[in-house]
Amino acid sequence: MVFKALPDQELAKALKQGNHQAFKEIFMRYWDVLLDSAYKRLGAMEEAEEIVQELFVTLYQKRETLTIHTTVEGYLKTALKSRILNYYRSRHIHEKYMESVLAVNHVTCSDTPDYALHHKELSIQMESSIGRLPAKCREVFLLSKMESLSHRNISEKLNISISTVEKHIRKALDILRSDFGKYHYSIVFWFTISRFL
């Protein structure tokens with residue numbers, strides 16, 4: 001079968017039947033289109049690639065239960081739009097978190113210059129560390145720690161398995177623990193990081 005010549009509807013049917021070549025053709029047909037769209041909205045190629053890659057992974061994982069009411073392209077573009085909205089929502093949560101950290105610092109950092117310096121350094125490093133987390137890892141971590149969602153709720157919200165949620169949170173905590181090693185015995189560290197660990 002020459003999959004390059006098949007219309008979307010036939011490709012979707014073949015994909016639902018588990019045909020790997022059908023998936024490959026969909027990937028080849030729409031990767032560049034989706035990546036370009038994601039990049040225009042995000043302005044960051046690494047984040048765009050990660051989101052589009054996750055979209056195709058999910059498409060393959062759900063191939064047997066796939067229901068496409070429009071075209072494959074329309075389905076993928078709608079799914080991409082949803083993921084980008086979730087990305088921006090995650091970033092908004094991150095910004096809210098940083099505002100709360102800075103607000104706490106403003107209130108508590110007046111005791112001594114040394115105490116204030118520790119808080120300032122911690123805030124900068126915390127923002128940098130969370131910002132360096134992979135997009136999905138950061139989104140899961142912030143939903144867990146800022147919105148206090150359970151692993152199950154995050155799993156349902158982001159359409160990923162509970163084990164994947166747990167993996168992302170472990171990864172985020174490992175990175176933060178590594179980044180904040182020098183503050184391990186600092187009162188400032190425990191005052192701030194205890195909200196997460």
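In what order do the elements of the protein chain run from the N terminus on? They run α-α-α-α-α-α-α-α-α.

**Figure 1. Overview of the protein chain in the predicted model.** The secondary structure amounts to nine helices and zero strands. The chain has 197 residues, of which 42% are buried. Among contacts with a separation of 6 or more, 63% join residues that lie 24 or more positions apart. The accessible surface of the chain is about 11,400 Å², and carbon and sulfur atoms contribute 54% of that area.

**Figure 2. Surroundings of arginine 29 in helix α2.** Helix α2 spans residues 20-42 and includes arginine 29. With a relative accessible area of 24%, arginine 29 is partly exposed, because the partly exposed class begins where the buried class, under 20%, ends. When residues up to four places away in sequence are not counted, arginine 29 touches Phe3, Lys4, Leu6, Pro7, Asp8 and Leu11. For one of these residues, lysine 4, the C-alpha atom is separated from that of arginine 29 by 8.5 Å, although the two residues are 25 residues apart along the chain. Another of them, leucine 6, offers its backbone oxygen, which the side chain of arginine 29 reaches at 3.1 Å.

**Figure 3. Packing of helix α6 against helix α8.** Two packed helices are described by the angle between their axes and the distance between the axes. Helix α6 covers residues 135-145 and helix α8 covers residues 162-179. Their axes are 8 Å apart and the packing angle is about 90°, so α6 and α8 are roughly perpendicular to each other. On the α6 side the contact is formed by Lys136, Cys137, Val140, Phe141, Ser144 and Lys145. On the α8 side it is formed by Val165, His168, Ile169, Lys171, Ala172, Leu173 and Leu176. By class, the residues of this contact divide into eight nonpolar, two polar and three charged.

**Figure 4. Burial of helix α6 and the position of serine 144 within it.** Ten of the eleven residues of α6 are buried, so this helix is largely enclosed by the rest of the structure. The buried residues are Ala135, Lys136, Cys137, Arg138, Glu139, Val140, Phe141, Leu142, Leu143 and Ser144. Serine 144 is found in α6 and counts as buried because its relative accessibility is 12%, where the cut-off is under 20%. Leaving aside neighbours within four places in sequence, serine 144 is in contact with Leu149, Ile154 and Ile169.

**Figure 5. Packing of helix α7 against helix α8.** The axes of α7 and α8 are 8 Å apart and meet at an angle of about 110°. That angle makes α7 roughly perpendicular to α8, because the perpendicular class runs from 65 to 115 degrees. His151, Arg152, Ile154 and Ser155 of α7 make the contact with Ile162, Val165, Glu166 and Ile169 of α8. The contact of α7 with α8 has four nonpolar, two polar and two charged residues.

**Figure 6. Asparagine 159 in the loop between α7 and α8.** Helix α7 comprises residues 151-158, and asparagine 159 is found in the loop between α7 and α8. Asparagine 159 has a positive phi of about 60°, although it is not a glycine. Its relative accessible area of 38% makes asparagine 159 partly exposed.

Terms used: Residues numbered from 1 in each chain as written. Predicted model: local features only at pLDDT ≥ 70, side-chain atom pairs only at ≥ 80, totals over all residues. Heavy atoms only, no water. Helix = DSSP H or I, 4+ residues; strand = E, 2+ residues; numbered from the N terminus. Buried < 20%, exposed > 50% of the residue type's maximum accessible area, 1.4 Å probe, protein only. Contact = heavy atoms within 4.5 Å. Polar contact = N/O pair within 3.5 Å; in protein donor to acceptor, adjacent residues only side chain to side chain. Areas by Shrake-Rupley, 256 points an atom, 1.4 Å probe, with all protein chains shown as cover. Axes fitted to C-alpha atoms, helices over the stretch in contact; angles between N-to-C directions. Parallel < 35°, antiparallel > 145°, perpendicular 65-115°, else oblique. Nonpolar A, V, L, I, M, F, W, Y, C, P; charged D, E, K, R; others polar.
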